Amino acid sequence: MDLSFNAANARYAFGKFDRVTIDGMPFRLHMDMEQGALFTREDGTGVAQQFSHQELSLLGQQGRIFVERDYFNPEAARRRLMRSHVSASALTGRPLRRFTKKDAYCEAAKELHSEKLMSFTDTSIKANMQLLMGRVMHLAAERLPEGELKVLKSENLGIPPSPRTLRRWLAEYDDLGLIGHLDAMGSRGNRGHRHSPEVVALMMKEVHGYMSKDKPTMKMIHENVQRAILIRNEERAEEGKWPLPMPSRETVRRAIRSLDPYRVELARNGEAAARKKFRPVSNGITVTRPLERVEIDEWTVNVSTLLESHGFYEQLTDDEKRSLGLYIKDDEKNPEYKAKVKAKDRWTLTAAICCATRCIVGLVLSRNANSEAAVQLLEMITTNKGAWSDAVGALTPWDMHGTPELLVFDGGSAFKSMRFRMAAEDLGVMWEMAMNGVPENRGTIERAFGTMATDFAPRLSGHTYSSIMEKGDADPEKRAALTLEDFTFGLLRWVVDIYHNTPHAGLRGETPVHAWRRLSELYGVTPPPSSEMMRVCFGHQRKYRLDKTGIHILGVKYQSEILQKFLCRKDCKTVEVRWHPKDIGGISVKLGEHWVNVPARDASLKGVAAQTWLTAVRHVKAGNPKANRLDNRAVREAIKAIEGRNEAAMAKAKLNMEDWSEERFVRAENKLFSGIEFYDRKEPTKAKDELGREIPSEEELTGVPTQSETCKASHETKKSGVTFEGE
C-alpha cells in the first residue's frame with residue numbers, strides 16, 4: 001500500500017460563491033474544468049488565471065490556499081455584517097463566558113423541547129426553570145473557561161435568562177448558527193473623556209512633557225497638570241466662569257500610558273535605547289563557511305597602561321616612539337622641545353572576527369583609529385598567527401587565516417579610506433558598509449567587544465569602567481601597573497587560550513576553535529595571497545632613483561638583471577617601487593606597465609622586518625659613530641642578536657600598528673643613513689701549506705682608512721697621471 005501523498009491524484013472542489021485566496025491574491029471561481037480550474041481576480045480587473053489540479057494540490061499541501069465558503073453569497077454577506085469580527089474559536093475571558101452561557105441554555109432548551117418536557121412559552125419556561133438549569137450545569141461543566149475574573153451576571157450560569165431573552169438567543173442561533181451568540185457587550189460604556197475639552201487640552205499639553213530628556217516622573221507631570229489647571233481657574237474666575245475640575249492622578253497616569261511607547265522611549269532615552277528595546281528579533285545572519293563573513297570594528301581599550309615598555313621598545317628612537325604615540329610635546333611652539341613619556345593612556349583596538357566560527361582572526365593596537373591600522377588588520381587576517389601565539393606561550397594554535405569572502409564594517413573614516421578599500425579590492429574581497437549608529441548590523445564583533453570588556457579587562461590592573469556609577473571611588477590611573485607589553489601578552493593569551501576555547505552560545509555550546517576545525521575541514525578556506533600580492537596590497541609605494549647600482553631603500557641595495565636591461569633600453573631616472581616593512585628581502589618595481597620582483601643583494605635579509613634592520617644598523621653605528629662605512633656582516637650579526645634576544649617581544653609588538661609614513665621614511669633615510677656606505681668584509685685568507693691567517697687591516701675592522709693607506713692612494717694616483725682638483 002502506498003501511503004505517500006501524491007499531488008497528481010488529489011483534486012480540490014470550489015463553490016460558485018467561494019472566495020479563494022492563493023498566495024495572498026483573492027480569486028473567484030470562473031470555470032471548473034477537467035484539467036484544472038479557471039479563476040478571475042476579485043479586484044475587478046477581469047484578469048483570469050488558470051491552475052491545474054496538480055498545482056492546486058501542491059499549493060494546498062503547502063498551506064498557500066485559503067477558502068472562504070459562500071463569501072459572495074448574499075445571505076452569507078448579511079451574516080458577516082451581523083457577526084463580530086472575532087472568530088468563535090479565538091474567544092477568551094468574559095466574551096467566552098457569555099458565549100458559553102448562551103450556548104448552554106440554548107442547547108438545554110432544545111433538548112428539553114425535543115423530549116417534550118418543555119415548550120418555548122413563557123409559562124412553560126418558568127415552570128421548568130429548575131430542570132433547565134440542571135441540564136445547563138450538566139452541559140457546561142466541561143466548557144467553563146478557567147480564570148480568576150470576577151463572574152458577572154451576564155456570565156453566571158446560575159442566573160437564568162428571562163423567557164424572552166432565551167427565545168431571542170434561540171432565534172439568533174437558528175438564524176446565524178453559533179456566531180449568533182457573539183455580542184458587542186465589551187464595547188459598551190462611555191469611551192471618551194469625562195472632562196471637558198478644555199481640561200483635556202491643558203492636561204495633554206503637560207502630559208506630552210513626559211517625553212523629555214530630563215525624564216520627569218508621573219508625579220511631576222501630575223503636579224504640572226494641577227498647576228496649569230489652577231492658573232486657568234484664576235483666569236476663569238476673573239471672567240466670571242465656573243472653575244475647571246482637577247484631573248486625578250490616575251487620570252493623568254492613564255493619559256501618559258496612552259502615549260506612543262516608542263516615541264516615549266526615543267525622547268527620554270535616545271535613539272539607541274529605543275532601537276534596542278523595540279527592534280524586532282530575527283534569526284540573524286546565516287553563514288556556513290569559515291571567513292565567509294568577517295566583521296571588523298574599533299574599540300577603545302578600557303585599560304590604562306604604562307606606555308613605556310621594556311625589551312623591544314627600549315631600542316626605539318625618540319622619533320619612532322613619538323610616531324607610536326609614546327611621547328607628547330612639552331611646548332609645540334619651541335622646536336627644541338623635550339619629549340616626555342605620557343605615562344597612562346588608553347589605546348584603540350581594531351579587531352576582526354569570523355562570524356561562522358566566532359574566531360578572532362585579527363588584532364591591531366594603535367593610538368588612534370586610522371586607515372593604516374585597518375590595512376594591517378586586513379593583512380593579519382590573511383596571515384598565519386602562530387608566531388604571536390608562540391611568543392606568549394599559548395597552548396592553543398592561532399592558525400586561523402585565509403582570504404575572507406566578505407568584510408562588514410561601519411562608516412568609520414579608517415574603513416572608508418581609499419587605501420583600505422583598494423587593498424580589499426586587489427585581494428578580490430567583497431565589502432559591505434553597515435549603517436552608522438546601528439551596532440546590531442555588526443552584532444558578532446560588538447558582542448565580542450562586550451565579552452572583552454566584561455571578561456578580559458576586569459582581570460587586569462588599571463581596568464577602567466563604563467560609567468561613573470560602576471567606577472565608584474576607584475582610580476584606574478593610579479592602579480595602572482601594566483606595561484604595554486604586559487597588556488599585549490594578556491590580550492593574546494586571553495584570545496587564544498580562553499576565548500577560543502570557551503563554549504559559545506551562538507555556536508550552540510561549541511568552542512570557536514572546534515568550530516573552525518570542523519568547518520574548515522568541511523568547506524576549507526581561500527588561500528592567502530602570495531608574497532608578491534601581499535607586497536602590492538599591503539606594502540608602501542614610493543618613487544626611487546634607478547641607476548647602474550640598482551635601487552637603494554633604507555641602505556639596502558636591490559639589483560636584478562631585468563632591472564639593468566630596462567635601464568639600458570629606457571632613459572628612466574625614477575621608477576615606482578612597492579616594499580613591505582615586514583620583509584625587506586625583496587621589492588616590486590614597476591617597469592612600464594608591469595610589476596617585477598627584485599631581490600635584495602644581501603640574500604640574508606629575506607624575511608627580515610624593516611624595524612629590525614633599522615635597530616641593527618643603529619646598534620652597529622653606535623659602536624663607531626665616526627665611521628662612514630658599515631660592515632654588512634656586523635649588521636647581520638646584530639640582526640641575529642636582536643631577533644634572538646627579543647623574538648618574543650617583537651612578535652607581540654607586531655600587534656601594534658607600524659607607522660611607515662612618508663615623514664618617518666624620509667627622516668630615517670636622512671638621519672640614519674646619511675653618508676653611510678655598506679661593504680662586505682673580506683674573509684681572511686690562508687697561505688697554502690702555511691700556518692696562520694691574514695690579519696685584516698684597521699680599515700676593514702673600523703671602516704676608516706688609515707693614514708698610510710691614504711698616502712699610498714695619493715701616491716698611486718699621481719703615479720697614474722690623474723690629478724684631482726686641489727692637489
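**Entry 1: the sheet with E2 and E3**

I started with strand E2 (residues 25-32) and strand E3 (residues 36-41), which pair in the antiparallel sense over five bridges. For pairing I used the DSSP criterion of at least two bridges between two strands. Helices (H or I, at least four residues) and strands (E, at least two) are DSSP runs, numbered from the N terminus. I looked up one position in E2: Phe27 stands opposite Arg41 in E3.

This is a predicted model, so I noted the limits: local features need pLDDT of at least 70, side-chain atom pairs count only at pLDDT 80 or more, and totals for chains, interfaces and linings use all residues. Residues are numbered from 1 along each chain as its sequence is written, and side-chain values use heavy atoms, with hydrogens and water left out.

Next I followed the sheet outwards. It is open, with five strands in the order E4-E3-E2-E1-E5, and the pairing is antiparallel. Strand E4 (48-52) and strand E5 (65-68) are the edges; each has a single partner strand, so one side of each is left without a neighbour in the sheet. Neighbouring strands here are turned by 35° against each other on average, direction ignored. Axes are lines fitted to C-alpha atoms, for helices over the stretch in contact, and angles run from 0 to 180 degrees between N-to-C directions.

I then checked what covers these strands. Helix H1 (residues 53-61) lies across strand E1 (19-22), E2, E3, E4 and E5. H1 runs at about 85° to E4.

**Entry 2: the sheet with E18**

Strand E18 (residues 574-580) was my next stop. Five of its seven residues are buried, so E18 is largely enclosed by the rest of the structure. Buried means under 20% relative accessible area, exposed over 50%, and partly exposed in between (1.4 Å probe, protein chains only).

Which strands does E18 pair with? I found strand E15 (residues 540-545), joined to E18 by six bridges and running antiparallel to it. I also found strand E19 (residues 583-591), antiparallel to E18 and joined to it by five bridges. E18 and E19 form a hairpin with two residues between them.

I listed some facing residues. Arg542 stands opposite Val577 in E18. Glu576 has Lys590 in E19 as its bridge partner. Arg578 has Ser588 in E19.

The sheet is open and has four strands in the order E15-E18-E19-E20, with antiparallel pairing. E15 and strand E20 (594-599) stand at the edges, each with a single partner strand, so one side of each lacks a neighbour in the sheet. I read the average turn between neighbouring strands here as 35°, direction ignored.

**Entry 3: helix pairs**

I looked up H7 and H9. Helix H7 (residues 197-207) and helix H9 (residues 249-257) pack at an angle of about 60°, with their axes 10 Å apart. That makes H7 oblique to H9. The classes are: under 35 degrees roughly parallel, over 145 roughly antiparallel, 65 to 115 roughly perpendicular, the rest oblique. The crossing of H7 and H9 is right-handed. A crossing is right-handed if the near helix is turned clockwise from the far one by less than a right angle, and left-handed if anticlockwise.

What makes the contact (heavy atoms within 4.5 Å) between H7 and H9? I found Met203, Met204 and Val207 on H7, with Thr251, Val252, Ala255 and Ile256 on H9. By class there are six nonpolar, one polar and no charged residues in this contact. Ala, Val, Leu, Ile, Met, Phe, Trp, Tyr, Cys and Pro count as nonpolar, Asp, Glu, Lys and Arg as charged, and the others, Gly among them, as polar.

Then I took H10 and H11. Helix H10 (residues 261-269) packs with helix H11 (residues 271-278) at about 145°, the axes being 7 Å apart. Their crossing is right-handed. Pro261, Tyr262, Glu265, Leu266 and Asn269 in H10 meet Glu271, Ala273, Ala274, Lys277 and Phe278 in H11. The contact of H10 with H11 has six nonpolar, one polar and three charged residues.

**Entry 4: His504 and totals**

Is His504 buried or exposed? At 19% relative accessibility, His504 counts as buried. His504 lies in the loop between helix H19 (484-498) and helix H20 (512-522). Not counting residues up to four places away in sequence, His504 touches Arg358, Tyr499, Gly509 and Glu510.

Last, I noted totals. The protein has 27 helices and 22 strands. Buried residues make up 41% of its 727 residues.

Conventions
Contact means heavy atoms within 4.5 Å.
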